[in-house]
Amino acid sequence: MAGTRSGKAPLVVVGDALLDRDLAGTADRLAPDAPVPVVTERSCRARPGGAALAARLAADDGRDVTLITGLGDDPASEELRRLLDGRVRIIGLPLTGALAEKTRVLAQDRPVLRLDRGDGRVRAATDTAREAVRSARAVLVSDYGRGAADSLRDVLTERPPVVWDPHPRGGPPVPGTRLVTPARSEAQTFASAAGLDATGPAGNGLQAVAAQATALVRHWGAACVAVTLGARGALLSYGEQPLFVPAPAVHHGDACGAGDRFAATAAGLLADGTLVGEAVEGAVAAATAFVARGGAGAVSDGASPATSFSPAGEKPHDVADAPDPRAVIARTRAAGGTVVAAGGCFDLLHAGHVGLLQAARGIGDCLVVCLNSDASVRRRKGADRPRNPLADRVRVLCALACVDAVAVFEEDTPERLLAELRPDIWVKGGDYSGAELPEAALLGEWGGQVLLLPYLDGRSSTALLAPATEGR
């Protein structure tokens, strides 16, 4: 495997695969015999978990991926093979027991319970697995504490991986690992278990994380440690002054699998020859976009959402990082919620815009903003508009707590996009009162409704731009 059609370096993933299931439904009452929610099942989907998820995501990035993991003859192992078939080459390691399965029970897209079964652990390495590691161009270790990494520790010491994603129940990364990626709670656990004096000074918590990361770099003999901080981003330490990489946006979606997305992206970029700092930046951006698009729950038998990052391509704050409006709408409808949409150019966001959007979000359970593309704005407003390009307008809108997603349309009006999204409610500003709205008939085709909301007088992008234009 010298390379791939995409030009991206191949990757070998060593670690513990899991079979994950999401049982999704709704809950609107408590059981009569106990104070627990009653979940009415709507769907049940299986997906790769653990090291298998990391391998699947790396393959979806366009890489040739080999997964070295424990698999048996049990039904869960067979299901996982089916999910990875045609995407990932598998080198199986013998298991004692059945493959681990983790089932999340979700109500209104919120986890209420997790059921675990299967206690399989890797018994030993194989010659095929050892040779695959020795000949690998780059190795990612995705350790979930079930023996795969430990069984190959001797050969991994000979061939240190580019990334080691550790687990408290697993062994330490081998010396010489280029990047170790513990989560914040894991870094604290590792530092404490090693007896390291790494509490750091009081403050916002980053000082303590930096102290732990610095201590772990030296303790593990790693080139660097990146502590992932969830929605905040990641902190990268080479053993000296740390680099804080903030997340390009904050999304309150399903974060399940974000750590695997981070590790797979970082490993892939390092395999491609990217510098560590750029790889961590790309991994933060990819994990952020992954959560925005629904996290691991959006990975199914079809192609998973594209969340990779290339330093030579899209930057972390590009339009691609915005939440997927179709996924947001699907989750809202699955939970029995109301979808609200509003539209406009939003060239210069002002108080009138914010008031309208806040009021619109209060009507339903999600708000999707239908946004004119740059070309559409120029046709409507003139050659000197928009003043803010599309990517900036999307980013500003997504930063508002009241906006769940943004959908862009190229036409002069949003009718085609509305027909695709089919919102329950389409919101317009009160300045349209008395005007004939073509969207009203369109919404009526699927039982939707147009609502007018009060608009803050005297606020408009054109009015705000006028003084600056006159002073040119």
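1. Two strands are said to pair if DSSP finds at least two bridges between them. With that in mind, strand 19 and strand 20 (residues 449-453) are joined by 5 bridges and run parallel. One of the residues involved is Ile425, whose bridge partner in strand 20 is Gln449. The model discussed in this note is a predicted one, and the points that follow should be read as a description of that model.

2. Strand 19 also has a partner in strand 16 (residues 339-344), with which it pairs in the parallel sense over 3 bridges. Here Ile425 appears again, since in strand 19 the bridge partner of Val340 is Ile425. Ile425 is thus matched with Val340 of strand 16 and with Gln449 of strand 20.

3. How many of the residues of strand 19 (residues 425-429) are buried? The number is 5 of the 5, so strand 19 is largely enclosed by the rest of the structure. Ile425, Val427 and Gly429 point one way from the strand, whereas Trp426 and Lys428 point the other way, and the residues of both groups are buried.

4. For the chain taken as a whole, the secondary structure comes to 16 helices and 20 strands. Of the 472 residues in the protein chain, 50% are buried. Among contacts with a separation of 6 or more, residues 24 or more positions apart account for 65%.

5. Leu18, which is placed in strand 2, offers an example of a contact between residues distant in sequence: Leu18 and Leu99 are 81 residues apart in sequence, while their C-alpha atoms are 6.6 Å apart in space. Leu18 has 3% relative accessibility and therefore counts as buried. Leaving aside residues up to four places away in sequence, the residues that Leu18 touches include Leu80, Leu99, Ala100, Tyr144 and Arg146.

6. Asp20 lies in strand 2 (residues 17-26) as well, and is it buried or exposed? Its relative accessibility is 9%, so Asp20 counts as buried. Not counting residues up to four places away in sequence, Asp20 touches Arg45, Ala46, Arg47, Pro48, Gly49 and Lys102. Arg47, Pro48, Gly49 and Lys102 are also among the residues touched by Leu18.

7. Turning to the helices, the axes of helix 6 (residues 184-193) and helix 7 (residues 206-220) come within 10 Å and cross at roughly 55°. The two helices are therefore oblique to each other, and helix 6 passes helix 7 in a left-handed crossing. On the side of helix 6 the contact is made by Arg184, Ala187, Gln188, Phe190 and Ala191, and on the side of helix 7 by Val209, Gln212, Leu216 and Trp220. By class, the residues of this contact divide into 6 nonpolar, 2 polar and 1 charged.

8. A second helix pair is formed by helix 8 (residues 258-271) and helix 9 (residues 276-292), whose axes come within 8 Å and cross at roughly 145°. In which sense does helix 8 pass helix 9? The crossing is right-handed. The contact draws on residues of helix 8 including Phe262, Thr265, Leu269 and Leu270, and on residues of helix 9 including Val276, Gly282, Phe290 and Val291. Sorted by class, the contact of helix 8 with helix 9 has 14 nonpolar, 2 polar and 2 charged residues.

Conventions: Residues numbered from 1 in each chain as written. Predicted model: local features only at pLDDT ≥ 70, side-chain atom pairs only at ≥ 80, totals over all residues. Heavy atoms only, no water. Axes fitted to C-alpha atoms, helices over the stretch in contact; angles between N-to-C directions. Helix = DSSP H or I, 4+ residues; strand = E, 2+ residues; numbered from the N terminus. Parallel < 35°, antiparallel > 145°, perpendicular 65-115°, else oblique. Left-handed = near helix turned anticlockwise from the far one by under 90°. Contact = heavy atoms within 4.5 Å. Nonpolar A, V, L, I, M, F, W, Y, C, P; charged D, E, K, R; others polar. Buried < 20%, exposed > 50% of the residue type's maximum accessible area, 1.4 Å probe, protein only.
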